[in-house]
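Me: Can you walk me through this one slowly, as I am still new to reading structures?

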There are 2 protein chains.
Amino acid sequence: MRTGLRSAGEVSRYDEEAQVVVVGLGAAGAATALEARSTGASVIALERAAGGGGTSAMSGGVLYLGGGTALQKACGFEDSPEAMYAYLMASVGEAPDEPKVRSYVDGSVEHYDWLVAQGVPFNPVFHHGVSGEPANDDGLVWSGNERIWPFVEQAVPAPRGHVPARNHQAGPLLMEKLLQAVAASGAQVRADHRTLALVIDADGRIEGVIASHFGEERAIRARGGVVLATGGFIQDDDMLRAHAPMLRRCSFRVGAEGDDGSGIRLGMAAGAATLHMDAGSISLPVTQPWGLKRGILVDATGSRFINEDAYYGRLGEHALYRHEGRAWLVLDEATFERVDYPREVAAVGETPEELEGELGLPAGSLAATLALYNRHAADGHDPVHHKLPEYVTPLVEPPFGAYDCTVESSLYAAFTLGGLHTRTDGAVLDPEGTPIPGLFAAGRATSGIAVGGYSSGLSLGDGTWFGRLAGRAAAAART
Amino acid sequence: MRTGLRSAGEVSRYDEEAQVVVVGLGAAGAATALEARSTGASVIALERAAGGGGTSAMSGGVLYLGGGTALQKACGFEDSPEAMYAYLMASVGEAPDEPKVRSYVDGSVEHYDWLVAQGVPFNPVFHHGVSGEPANDDGLVWSGNERIWPFVEQAVPAPRGHVPARNHQAGPLLMEKLLQAVAASGAQVRADHRTLALVIDADGRIEGVIASHFGEERAIRARGGVVLATGGFIQDDDMLRAHAPMLRRCSFRVGAEGDDGSGIRLGMAAGAATLHMDAGSISLPVTQPWGLKRGILVDATGSRFINEDAYYGRLGEHALYRHEGRAWLVLDEATFERVDYPREVAAVGETPEELEGELGLPAGSLAATLALYNRHAADGHDPVHHKLPEYVTPLVEPPFGAYDCTVESSLYAAFTLGGLHTRTDGAVLDPEGTPIPGLFAAGRATSGIAVGGYSSGLSLGDGTWFGRLAGRAAAAART
């Protein structure tokens with residue numbers, strides 16, 4: 001048998017067993033365990049680190065939820081499943097998984113209540129002026145491109161970033177609460193267990209796993225199903241090279257050490273299909289505070305390439321994939337502000353021509369771009385890239401300056417979005433679309449809601465939602 | 001067992017057997033069969049269609065070869081393995097497989113001689129003025145971006161498109177000659193055999209295949225190895241959606257019906273890893289005749305985005321992936337010519353402003369782009385996108401016109417480049433990089449030399465070269 005796969009005949013006896021065996025105890029694994037336990041199923045959760053948390057505990061803690069959650073209502077926002085569905089289908093990439101989007105949207109209001117019931121606190125306060133992660137305990141925030149062209153024309157916007165209430169520690173808080181709930185649920189947590197292989201029987205069913213515990217191999221049987229909740233592969237250079245090589249250029253890899261794709265590889269070795277392994281989330285957080293959206297972002301030819309009020313995920317994806325990570329945010333004296341995230345001033349000039357010379361841009365290129373931008377900005381609009389009027393103002397007051405937004409020397413934060421092909425209920429599918437009996441997956445080990453076009457909170461959001469569905473399905477399954 | 005995989009225990013007897021079983025009889029499969037036979041190994045070649053040929057027989061027949069082939073020398077061109085290696089490593093995508101590039105380059109001179117020895121004729125005549133596929137019997141042609149910025153700065157250029165000598169029928173001729181050689185070699189060709197499954201033994205070795213022959217299942221044993229040479233997946237909508245969804249937008253899918261990814265799926269079901277499944281070759285053949293390179297290609301914001309003298313593969317890849325397939329080739333009265341490939345004139349205007357209005361581009365955008373271009377063109381250079389001086393001329397003579405190069409309504413020709421992860425010798429690898437015993441692959445069922453950044457001839461080139469290596473390895477293997 002190949003690495004990562006063990007035939008049942010080789011397993012003389014199992015050290016322990018449960019109805020559901022969860023591999024990886026981040027947010028997706030915790031939700032899986034909780035939901036399986038809620039049906040009465042026995043659960044063993046394996047975690048390779050000394051304790052649960054994973055990347056979720058290092059994250060900003062934002063969950064992308066909507067359709068009219070209690071938190072949205074408490075903050076005075078209207079939302080509908082239809083609006084959320086329309087936004088997601090328009091924004092999350094070229095080929096979204098429609099049944100998954102449907103399930104996620106339809107479950108979102110209840111899923112928020114479920115999180116609250118697990119003990120995760122949210123303050124009913126809307127946070128204005130920053131996207132993604134508030135610098136205080138506010139609970140609701142814009143975390144995507146809902147108000148931004150072209151999406152604002154495709155769906156009624158609403159803020160959907162739900163943030164657990166602990167200033168800059170929302171991710172740790174989320175996992176603290178979920179892990180407390182897991183402990184209270186009666187699920188058996190096995191830390192320091194690294195899963196080495198899936199056990200496959202002669203009929204091709206997954207009946208358990210082999211894990212390494214301080215160098216000793218332990219065989220653990222899953223009577224219902226194994227659920228892979230092991231995270232993405234941003235920490236594995238070989239997998240990045242194979243599937244998403246551009247992400248290697250990003251200076252900051254968003255992921256715990258365990259995000260090495262091990263669970264995805266286990267699934268592949270068992271014959272699973274993958275989806276969108278090239279897809280990534282790439283954040284370029286340069287327009288924080290929001291006043292910086294009044295600048296223009298130009299590439300190595302001195303051309304604008306996007307509405308600068310787009311969400312960081314969209315800025316980063318376009319800058320990296322479409323412009324090779326060669327970008328500068330150009331401001332004038334009137335619009336210059338200090339950035340919230342560390343970022344260097346690349347050059348300053350008294351005229352656009354001087355600035356373009358300092359930046360090494362082609363002669364006349366930035367000047368032409370600025371002239372066209374200013375011509376329309378004088379009328380308060382941006383027909384070229386459709387930035388919101390509130391951020392459109394002529395850039396005419398010297399000196400002119402540019403923040404360095406190149407991938408070589410500024411902050412790009414990246415993680416992977418591709419993974420195992422799962423059905424909405426978490427069943428892992430083979431290349432013909434047939435479930436592999438006994439095998440389930442959730443979270444960033446799978447391809448989920450976003451297959452591109454990331455909005456913050458979609459990974460914690462879909463990881464916990466589809467983790468719950470996988471936990472339910474595995475609890476009901478029999479190998 | 002899952003679809004596409006049969007356990008050895010289920011196979012009561014084999015209908016026939018050979019040392020090497022080749023699945024798919026296009027160029028890669030033919031080369032595999034020939035090389036295996038040349039070592040004395042017995043060979044059965046399975047082809048789902050009524051006869052061999054596949055996509056290779058529908059292709060332009062160009063083989064990308066170099067390093068100083070007899071044909072290059074006969075045409076008076078110098079080339080070196082170093083120059084070819086440098087060009088390929090710089091051009092074929094973000095993460096090329098260096099050992100494969102090395103092997104391909106080092107084998108190229110001999111591989112040309114091998115093709116000639118199989119009976120494939122090439123005329124020692126260099127063809128100027130057209131890239132890719134000459135409209136006559138000339139044998140050598142530019143088929144990539146060798147002379148184009150930025151590659152011209154990275155490697156000494158040489159034409160490397162080797163074209164079998166039959167006007168516009170080079171692909172059919174290539175396959176006619178290779179199939180004649182296969183027939184003469186003693187390889188057993190089984191047409192109308194569609195391979196349904198790989199047979200795997202209890203140790204995870206591939207020991208044969210199950211094929212359907214007019215509805216009847218036949219089991220065929222491979223004593224040494226099965227070689228998957230089944231082509232890419234441009235004809236399979238589900239796989240495109242899963243891996244390369246943007247390619248679905250292209251109007252012309254370059255592939256025989258058999259390019260449905262079946263062999264890739266067979267490998268995946270057996271636990272094989274894949275590479276770069278998102279990668280594609282996208283041709284936008286708009287600058288034929290070459291005089292049209294004097295135009296400028298603009299996107300939906302009226303901006304130029306590439307040196308227009310780039311090879312069609314590069315034009316198409318940038319237009320589709322980076323500019324959503326929204327592109328127009330703008331010319332003036334002095335540079336206008338009829339295109340060789342069908343393409344509509346989208347609009348005409350007496351001024352740049354009138355043309356941009358007709359095209360629906362933002363006011364002033366195309367005019368600003370043209371002004372900047374013309375300013376530098378008056379000095380005979382293009383510092384913004386680095387087009388060769390011979391194609392740089394001010395566009396100032398009315399009327400101005402634009403050819404429609406949008407993906408919605410013009411010719412984009414696409415095929416897939418991603419596939420099974422193989423070692424240089426053709427061994428199919430699992431997700432941990434370990435060979436799956438008894439399983440080999442070649443051609444577009446694998447990820448090969450180009451993982452992006454396509455030059456014409458790389459698929460017939462790497463398919464035949466790595467087909468030969470796979471044939472040799474399978475002939476030497478024992479399951």
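**Strands, a helix and some unusual backbone angles**

Reply: Let us begin with one pair of residues: Trp328(B) stands opposite Asp404(B), which belongs to strand 17 of chain B. Please keep in mind throughout that this is a predicted model.

Me: OK, and how many bridges join strand 15 of chain B to strand 17, and are they parallel or antiparallel?

Reply: Four bridges join strand 15, residues 328-331 of chain B, to strand 17 of chain B, and the two run antiparallel.

Me: Which other strand pairs with strand 17 of chain B?

Reply: Strand 16 of chain B, residues 345-349, also pairs with strand 17 of chain B in the antiparallel sense, again over four bridges. Within that pairing, Val345(B) stands opposite Tyr403(B) of strand 17 of chain B. As background, strands of a sheet pair through backbone hydrogen bonds, and they may do so in a parallel or an antiparallel way.

Me: How many residues of strand 17 in chain B are buried?

Reply: Four of the five residues of strand 17 of chain B, which covers residues 400-404, are buried, so this strand is largely enclosed by the rest of the structure.

Me: Are there parallel strands too? Which strand does strand 11 of chain B pair with in the parallel sense?

Reply: Strand 11 of chain B pairs in the parallel sense with strand 18 of chain B, residues 413-416, over two bridges. One place to look is Arg253(B), whose bridge partner in strand 18 of chain B is Ala414(B). These strands belong to an open sheet of three strands in chain B, with the order 11-18-13 and mixed pairing. The edge strands of that sheet are strand 11 (252-253) and strand 13 (280-283) of chain B, because each of them pairs on one side only.

Me: Switching to helices: what span should helix 5 of chain B have, and how far apart are its end C-alpha atoms?

Reply: Helix 5 of chain B has 16 residues, 170-185, and at 1.5 Å a residue it should span 22 Å, which agrees with its end C-alpha atoms being 22 Å apart.

Me: Which residues in helix 5 of chain B are buried?

Reply: The buried residues of helix 5 of chain B are Ala170(B), Gly171(B), Leu174(B), Met175(B), Leu178(B), Leu179(B), Ala181(B) and Val182(B). They cover an arc of only 160° around the axis, which puts them on the same side of helix 5 of chain B. An α-helix has 3.6 residues a turn, so residues three or four places apart point the same way.

Me: And what covers that side, and which residues are exposed on the other?

Reply: The buried residues of helix 5 of chain B are covered by parts that include helix 1 (27-38), strand 3 (43-46), strand 7 (188-190) and helix 11 (458-476) of chain B. On the other side of helix 5 of chain B, Ala183(B) and Ala184(B) are exposed. Just after this helix, Gly186(B) takes a positive phi of about 95°.

Me: Which residue in the loop between strand 9 and strand 10 of chain A has a positive phi, and is it buried or exposed?

Reply: Phe214(A) has a positive phi of about 50° although it is not a glycine, and it lies in the loop between strand 9 (206-213) and strand 10 (216-228) of chain A. With 8 C-beta neighbours inside 10 Å, Phe214(A) counts as exposed.

Me: Last one: where is the cis bond before Pro289(A)?

Reply: The peptide bond from Gln288(A) to Pro289(A) is cis, with omega near 0°, and Pro289(A) lies in the loop between strand 13 (280-283) and strand 14 (296-298) of chain A.

Notes
Residues are numbered from 1 along each chain as its sequence is written. Chains are lettered from A and ligands numbered from 1 in the order in which they are written. This is a predicted model: local features need pLDDT of at least 70, side-chain atom pairs count only at pLDDT 80 or more; totals for chains, interfaces and linings use all residues. A residue is buried if 20 or more other C-beta atoms lie within 10 Å of its own, exposed if 12 or fewer, and partly exposed in between; C-beta atoms are placed from the backbone. The expected span of a helix is 1.5 Å times one less than its number of residues. The arc is that of the directions from the helix axis to the C-beta atoms. Two residues are in contact if their C-beta atoms, placed from the backbone, lie within 7 Å.
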